[in-house]
Every structure is written in structure tokens, then in C-alpha cells.
Amino acid sequence: ADGLVGRESADVYRAETRYWLRVGDSARAVDAANRMEVAYPGYRVRACRLRAVAYANEGAFARARAALTAAGAESPSPSEQAELLYVGAWIDLQDGREDEARRALLDVVSRWPGEPVADRARRVLSTLAQEVDE
């Protein structure tokens with residue numbers, strides 16, 4: 001990101017955040033998400049969502065939910081709202097709160113049926129239904 005400014009540098013930090021999430025280094029993912037937000041405050045919702053994933057990966061579910069709450073306070077767009085709800089459901093599943101996750105996933109599907117995140121929510125709901133059948 002050296003030599004870049006604003007959104008361009010934030011895009012580099014966003015890619016870095018995703019890299020650290022993939023390799024399982026939550027602390028570095030949070031740090032990169034923080035730098036992404038500082039570089040371009042317009043990415044605050046994204047930064048909060050990525051921090052939530054990082055916190056959940058380390059089992060800090062209260063911090064993860066707080067990051068999602070902070071994102072929700074930023075008046076996210078409808079597609080961002082759908083993503084936040086989906087990530088919240090994922091966090092609930094990681095935390096053993098399957099009923100809450102199921103409700104959130106159903107909410108995503110009913111409120112934003114045409115969004116790509118709704119397709120992911122349907123797949124997760126299908127998996128949850130299969131587990132009940134087994």
C-alpha cells in the first residue's frame with residue numbers, strides 16, 4: 001500500500017486482511033482491517049465485518065458480535081446488511097447457537113432473495129436440514 005492513498009491503499013489492506021484470515025492469523029487480520037478502515041473510512045462496514053470474522057475465528061464471539069453491531073450502526077446498504085446478517089449467522093453456528101443462526105439465515109433468504117448471499121444462506125440451511133434428518 002506504500003505510495004497509494006485512500007481507497008487504493010484500503011483495497012490492498014482488504015486483500016491483506018483476507019490473506020490473514022485464510023492462513024488463520026486473526027490478530028494480523030484485525031490489524032489489517034484497522035488499517036483498511038483508516039485508509040478509507042468508507043470501508044468501515046467491511047472492516048467491521050472482517051474483524052468480526054477474525055474475532056470469531058479465535059473464539060471471541062462477544063467481540064465478533066460487537067464488531068457486527070458497530071457495522072450495523074453505520075447505515076449499511078441492503079447488500080451489506082444481508083452480508084452482516086449472514087456473518088452473524090455464521091458466528092452463531094461457530095458458537096453453538098444453531099436456532100439463532102437458522103433464524104438469521106431464513107431472514108437473509110426472505111429479505112434479500114436475489115442477493116448472492118441468499119444463495120449461500122440457502123446452502124447452509126440445506127446443510128442444517130440434512131443434519132436434522134441424519
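**Exercise 1. Determine which pattern of secondary structure the protein chain follows along the sequence.**

Solution. The model examined here is predicted. Read from start to end, the protein chain follows the pattern α-α-α-α-α-α-α. Counting the elements gives seven helices and zero strands.

**Exercise 2. Decide how the radius of gyration of the protein chain relates to that of a compact globule.**

Solution. The protein chain has 134 residues, for which a compact globule would have a radius of gyration near 14 Å. The protein chain has 15 Å, which agrees with that value. Along the principal axes, its C-alpha atoms fill a box of roughly 55 × 30 × 20 Å. Of the 134 residues, 38% are buried. Turning to contacts between residues at least 6 apart in sequence, 50% join residues at least 24 apart.

**Exercise 3. Identify the helices that supply the largest nonpolar core.**

Solution. The largest nonpolar core holds 28 residues, and the members touching the most others are Leu-21, Met-36, Ala-52, Tyr-55, Ala-64, Leu-68 and Ile-91. At least two residues of this core come from each of helix 1 (6-23), helix 2, helix 3 (44-57), helix 4 (61-72) and helix 5 (78-94). Helix 3 gives the most, with nine residues. A second, separate core has 14 residues, including Ala-82 and Ala-118.

**Exercise 4. Describe helix 5 by its span and its buried residues.**

Solution. Helix 5 has 17 residues. From its first C-alpha to its last it reaches 24 Å, close to the 24 Å expected at 1.5 Å a residue. Its buried residues include Ala-82, Ile-91 and Asp-92. Setting aside residues up to four places away in sequence, Ile-91 touches Ala-52, Ala-56, Phe-61, Ala-64, Arg-65 and Leu-68. Just after helix 5, Gly-96 takes a positive phi of about 75°.

**Exercise 5. Is Asp-92 buried or exposed, and what is it in contact with?**

Solution. Asp-92 lies in helix 5. Its relative accessible area is 8%. Buried means under 20%, so Asp-92 is buried. Beyond its neighbours within four places in sequence, Asp-92 is in contact with Arg-65, Arg-97, Glu-100 and Ala-101.

**Exercise 6. Classify the exposure of Asn-34 and locate this residue in the chain.**

Solution. Asn-34 lies in helix 2 (residues 26-39). Its relative accessible area is 32%. Values between 20% and 50% count as partly exposed, and Asn-34 is therefore partly exposed. Asn-34 and Val-124 are 90 residues apart along the chain, and their C-alpha atoms are separated by 29 Å.

Conventions
Residues are numbered from 1 along each chain as its sequence is written. This is a predicted model: local features need pLDDT of at least 70, side-chain atom pairs count only at pLDDT 80 or more; totals for chains, interfaces and linings use all residues. Side-chain values use heavy atoms; hydrogens and water are left out. Helices (H or I, at least four residues) and strands (E, at least two) are DSSP runs, numbered from the N terminus. Buried means under 20% relative accessible area, exposed over 50%, partly exposed in between (1.4 Å probe, protein chains only). A nonpolar core is a set of buried Ala, Val, Leu, Ile, Met, Phe, Trp, Tyr and Cys residues joined through side-chain atoms within 4.5 Å. Contact means heavy atoms within 4.5 Å. The expected span of a helix is 1.5 Å times one less than its number of residues. The radius of gyration is taken over C-alpha atoms; the globule rule is 2.2 Å times the number of residues to the power 0.38.
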